[in-house]
Amino acid sequence: MSKVSFKITLPSDSWLPYKALSVLESTPFTAVLKFAAEECKVSAATSAITTNDRVGINPAQTNGNVFLKHGSELNYS
């Protein structure tokens, strides 16, 4: 099983401005969104992860697809 790594910038945390995580490429991207929401202590239902160009990412795809389309550096909003 292959893994992909994401570096997600979290604007709410000034001491640790990003989280790096490695996840299986076959799992849904919603797991990454849920993790980022828990780290920021907000609801995943009202959150979004965007690219550095502020393009929203559809969470209904695999982590591998997100990595191939958008790269590893993402932003949490």
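**Entry 1: terms and model**

For the angle between a helix and a strand I take axes as lines fitted to C-alpha atoms, for helices over the stretch in contact, with angles from 0 to 180 degrees between N-to-C directions. I am working from a predicted model. I looked up the confidence before anything else: the protein averages a pLDDT of 89, and 95% of the residues score at least 70. Confidence is lowest in α1, at a mean of 87, and highest in α2, at 96. I keep in mind that coordinates should not be read in detail where pLDDT is low.

**Entry 2: overall layout**

I counted two helices and four strands in the protein. Along the sequence they come in the pattern β-β-α-β-α-β. The radius of gyration is 11 Å, close to the 11 Å that the globule rule gives for 77 residues, so the protein is as compact as a globular protein of that length. The C-alpha trace spans about 35 × 25 × 25 Å along its principal axes. Of the 77 residues, 31% are buried. I also looked up how far apart in sequence the contacts reach. Among those between residues at least 6 apart, 52% join residues at least 24 apart.

**Entry 3: the sheet**

In what order do the four strands of the open sheet stand? I read β2-β1-β4-β3, with mixed pairing. β2 and β3 (49–51) are at the edges with a single partner strand each, so one side of each has no neighbour in the sheet. From one strand to the next the twist averages 35°.

I then went through the pairs. Strands of a sheet pair through backbone hydrogen bonds, either parallel or antiparallel. β1 and β2 (residues 18–24) run antiparallel and are joined by seven bridges; T9 stands opposite Y18 there. β1 and β4 (residues 73–76) run parallel, with three bridges, and I8 stands opposite L74. β3 and β4 are antiparallel, again with three bridges, and here T51 stands opposite L74. L74 of β4 thus has I8 opposite it in the pairing with β1 and T51 opposite it in the pairing with β3.

**Entry 4: the two faces of β1**

Which side chains of β1 (residues 3–9) are buried? I found that they alternate: V4, F6 and I8 point to one face and are buried. K3, S5, K7 and T9 point to the other face and are not buried. I8, which stands opposite L74, is therefore on the buried face of β1, and T9, opposite Y18, is on the other.

**Entry 5: the helices**

I checked how each helix sits on the sheet. α1 (residues 30–40) lies across β1, β2, β3 and β4 and runs at about 150° to β2. α2 (residues 63–70) also lies across β1, β2, β3 and β4, running at about 65° to β1.

I looked at α2 in more detail. N63, G64 and V66 are buried. Seen down the axis of α2, its buried residues fall within an arc of 165°, so they line one face of the helix. On the other side, L68 and K69 are exposed. What covers the buried residues of α2? I list β1, β2, α1 and β4 among what covers them. After α2 comes G71, with a positive phi near 90°.

**Entry 6: T51 and R54**

Is T51 buried or exposed? It is buried, with a relative accessible area of 8%; the cut-off for buried is under 20%. T51 is found in β3. Leaving aside neighbours within four places in sequence, I find T51 in contact with I57, H70, L74 and N75. L74, one of these contacts, is the residue opposite T51 in β4.

R54 is in the loop between β3 and α2. Its phi is positive, about 65°, although R54 is not a glycine. I looked up its exposure as well: R54 is exposed, with a relative accessible area of 58%, where the cut-off is over 50%.

**Entry 7: what I keep**

I keep three points from this predicted model. The open sheet has the order β2-β1-β4-β3. Helix α1 and helix α2 lie across its strands. T51 in β3 is buried, whereas R54 is exposed.

Methods: Residues numbered from 1 in each chain as written. Predicted model: local features only at pLDDT ≥ 70, side-chain atom pairs only at ≥ 80, totals over all residues. Heavy atoms only, no water. Buried < 20%, exposed > 50% of the residue type's maximum accessible area, 1.4 Å probe, protein only. Pairing = 2+ DSSP bridges. Contact = heavy atoms within 4.5 Å. pLDDT = per-residue confidence, 0-100. Arc of directions from axis to C-beta. Rg over C-alpha atoms; globule rule 2.2 N^0.38 Å.
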